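Reader: I would like a close look at the open space in this model. Please start with the ring contacts, then go to the pockets.

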Amino acid sequence: MIQGESGLGKTALLNAACRMAREEQLSVLCARGSLLETSFSFGVVRQLFEPILSLLDPVQREQCLNELGAGVLSGTGPKDIDDLSAVLDGIRSAVSFLAESQPVVLAIDDLDLCDRESALWFEYMSRRLEHRKVWLLGTTSLRSDTRARPTIDQVIADPATRSFILEPLSTSSVAELVAEQFGGSGLEALIDECHFATRGNPFLLFSLLTWLRVSGLESCSAAAREVANAVPQAVIRSMVSRAHSLPPGSYPLLQAVTVLRSDAGLRETSALVNLDIENAKVAADALAEANILGRERPLSFVYPLEASAVYADMGPAGRANLHALAAQLLHNQGSSSGVVGDHLLLTEPAAEGWRAECLVEAAKSAGDEGRYERAHEYLTRALAEAPGTILRGSALMELASVEASMGSIEAVSYLRAAGDLEVEPTSYGHKALQVVKALANEVSPAAALEVVRLASTRLQDSDEAVLRMRLELLVAHFDRTIGGGVRAAAALEKSLAGRLVGRNRDERLALAHLCGFWVLLPDRLGATQLGATALQSIAGEDLEVADAIAVEGMVRALEAATFAGYLTDVEQIARNRRTTAQRLGVAATEAAFATVLAHVLFQGGNLREAESEARRALAITNGSARSRWPLILSAKISLEQGQRAQAVQLIDELCRLEEGSESLDEILAMECRGELHYADGATETALSDFQVAGQLAEEWNVKNPAVTGWRAGRARTLYAIGDFRASHELASENLSLARVFGSPLHVGAALRVMAEVVEPTERLALLDEAVNLLEPTGAILELSHATLDLGRTLRESGRHVAARTALRQAADLAVRCGSSRLIDQSLRELRASGARPRRLAFSGTDALTPSERRVAELAASGMKNARIAEELFVSTKTVEGHLSRTYQKLGIQSRDELRSVVSSLRITDDPVTRMTRDSA
């Protein structure tokens with residue numbers, strides 16, 4: 001007896017046995033049970049004898065049929081067999097007669113589907129095989145509930161019966177069969193998929209492999225991806241045939257199971273296909289007996305491939321209809337939104353409100369679990385279901401949230417669309433905050449600004465003070481225009497209610513942004529209070545360098561503190577933050593703090609390092625809007641270093657970027673161009689540039705001379721063309737505003753400008769005051785300018801000894817700054833004062849330029865050329881050139897020698913200082 005479930009190869013083994021018997025010259029008689037045979041007495045036995053009887057002529061055939069088994073095989077025997085034993089023995093005698101001349105093999109497939117009488121005869125024969133001339137072979141399933149089953153079980157239980165129970169193919173066997181037809185990379189994945197779909201069932205495996213091969217899937221990877229979608233026709237036909245032979249309702253129940261899957265309880269499946277619960281129980285038990293469904297709950301297929309076959313057999317419309325019914329059924333039962341949503345995705349839109357609500361809820365849950373792709377599917381479908389604006393608005397807001405989590409800037413478009421509908425203001429505000437913060441570095445400022453402004457406006461009359469402030473901070477972050485800054489400042493000031501100390505992170509960030517606005521107005525806060533407020537606002541460790549909004553606030557606060565003269569504090573903070581951002585790999589933040597550092601170093605007079613930091617920022621920002629301020633600083637540094645061609649190039653690029661930007665940078669760009677033209681002697685052009693800058697500053701209410709220098713530039717230019725009255729008025733206004741602000745650095749700068757446009761007799765007092773104010777600030781560049789002007793004025797007034805002292809100090813400061821322009825002017829003035837300074841040396845440490853000196857110091861510290869180039873934001877070739885010239889000037893040939901003389905490369909022993917000492 002060969003036992004096993006459907007598809008495991010019982011019939012194939014039986015046929016192989018019969019083939020071997022024929023090869024051994026045995027007589028083989030075959031038959032097969034079926035449901036049709038169960039109602040025909042001795043039908044299977046008659047199948048056995050058909051091949052022999054067909055060889056007889058009709059008369060002999062009829063005679064044999066009537067005599068064999070008392071006519072029961074021909075159908076002429078009595079309906080009620082009184083002596084069944086006699087009939088069975090008569091048929092046995094016929095077999096024994098046949099076996100006399102040639103051994104006989106009787107093979108019956110699907111014995112459990114025989115008619116009862118044939119099964120009884122088979123059992124009768126199994127006990128009378130002592131002469132070994134007759135062999136009985138049979139196959140049967142492990143589980144069945146037929147009339148013949150009890151009799152067949154008696155045969156199986158007989159110790160004389162040899163039973164073979166078939167098992168599914170092992171993984172290794174499946175692997176061997178798959179490898180025969182597919183090869184190459186991805187084979188293991190294909191084997192795993194095939195084994196899972198078929199559970200090692202040979203019939204299913206061969207059907208699957210045939211389908212994959214016929215489908216033209218050449219690679220293992222492609223085949224593995226398609227296994228879950230495979231629908232072999234042989235499997236479909238087998239399933240339909242087997243299911244329809246079972247009790248009524250079996251096949252619809254299978255369809256319900258494929259749709260409901262993990263929710264396939266008997267109550268749900270029967271309700272889905274409108275099947276009476278009692279009939280459903282009968283059908284489920286029959287399907288379990290047939291090894292199509294498992295016996296546990298929820299109902300599930302034994303073989304996933306058979307589930308796919310039933311699902312595919314329904315057709316698209318049938319599947320969509322059942323999924324729609326399933327969604328409604330499960331929704332009514334209170335199932336989770338995700339379960340219901342999965343069914344709704346497979347239906348046609350019906351514009352029903354409950355569907356949209358369920359899909360939105362399912363999307364929220366999926367988003368919370370990080371399944372953003374699935375959440376996107378739910379929401380896209382919810383939009384097709386949403387019949388009203390409120391539901392549609394909710395779906396759009398959730399879709400925006402999901403898109404933001406996936407890093408897509410399309411999130412802002414969805415949020416903008418939701419803003420056009422009737423949505424709850426607080427919910428919209430939270431979504432706007434979430435989306436824009438998540439995409440702060442990717443989304444365009446204009447698009448982000450539109451939605452946060454709308455969200456902020458809708459919350460004006462609400463009690464959501466914290467949310468409103470956070471939205472206002474976003475407005476301040478994205479609106480870089482002066483007008484936008486004014487509006488944002490007004491809203492933030494209102495939220496702070498006059499407080500200058502932040503009680504929490506949001507309030508401190510609000511103060512940081514406000515300081516960036518207040519610095520434009522000299523009378524809003526004095527320099528001391530502004531600088532202290534700005535530094536206090538960013539003192540917390542909770543302002544992360546990876547948070548674009550926090551970084552923007554910190555940068556604005558540090559810039560305000562720089563303008564207020566807090567140079568040492570700002571330099572330390574900016575350097576630490578820039579280093580942290582560099583270590584963490586946050587490039588945008590590194591560029592932002594490098595720009596602040598370049599600004600404070602420029603104000604302090606360290607032009608070499610300021611230039612390096614500005615280059616760093618420009619290299620990272622690479623022409624974006626954030627590169628404007630580094631460009632301005634680079635242009636100013638180039639002017640101070642006497643690099644006119646480079647300054648021209650930078651200013652031209654800057655003015656193209658800034659045209660129409662309505663930002664402070666636009667004013668500063670025009671001022672830079674004016675300074676360049678003034679230095680070139682093009683006074684009319686310079687006057688025009690300063691006038692445009694002034695008009696923009698007046699229009700946008702930018703008054704602080706610490707921030708904008710158009711008054712100073714225009715006053716100098718007016719004085720140069722002989723308009724003394726106008727120049728004096730502008731310089732006086734500039735000084736008055738600087739004194740109102742109260743920053744010693746900028747009061748000193750304003751005094752120096754004032755000194756340039758007054759009578760010579762008034763200049764000394766102004767310049768003395770300027771130098772005295774500037775000396776403690778640490779702003780050595782401005783101090784160098786003021787000291788140079790003081791020395792020049794002393795010389796022009798005939799006080800040569802005092803002039804030389806001032807000019808030596810100016811030269812010393814100029815070298816410390818690295819300002820070639822000031823060095824040249826100081827040397828000229830020293831010579832004019834009667835001093836005889838030596839010219840710059842062509843060899844030795846005195847001959848080194850500031851750039852060569854900086855490269856030499858870094859090389860002596862152990863840095864490689866590539867690292868030096870990265871640090872100074874120059875090319876490796878430039879570093880190599882500087883080192884080559886340094887070696888030549890110092891008369892050395894290696895870095896070891898360079899390290900031995902590095903102490904002589906310090907600023908304290910610079911050429912101009914020694915030169916001016918020698919000229920005394």
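How many aromatic pairs does the structure hold?

Author: The structure holds one aromatic pair (Phe, Tyr or six-membered Trp ring centres within 6.5 Å; planes under 30 degrees apart are stacked, over 60 edge-to-face, the rest tilted). The model is predicted, with pLDDT of at least 70 needed for local features and 80 or more for side-chain atom pairs, while totals for chains, interfaces and linings use all residues. Numbering runs from 1 along each chain, and side-chain values use heavy atoms, without hydrogens or water.

Charges also sit over rings (Lys NZ or Arg CZ within 6 Å of the centre and 35 degrees of the normal). The charged end of Arg-199 is 4.6 Å from the centre of the Phe-196 ring. Arg-319 covers the face of Tyr-311, at 5.1 Å.

Now the largest pocket (an open set of 1 Å grid points where a 1.4 Å probe fits, with protein on both sides within 12 Å along at least five of seven lines; lining atoms lie within 4 Å of a point). Its space is about 1400 Å³, the volume filled by probe spheres on the points. It has 47 lining residues, and Glu-640, Arg-716, Arg-752, Glu-782 and His-785 are the closest to its centre. The lining has 24 nonpolar, ten polar and 13 charged residues.

The second largest pocket holds about 1100 Å³. Its lining counts 36 residues; Ser-6, Leu-113, Arg-242, Ser-245 and Ala-290 are the closest to the centre. Twelve are nonpolar, 14 polar and ten charged (Ala, Val, Leu, Ile, Met, Phe, Trp, Tyr, Cys and Pro are nonpolar; Asp, Glu, Lys and Arg charged; the others polar).
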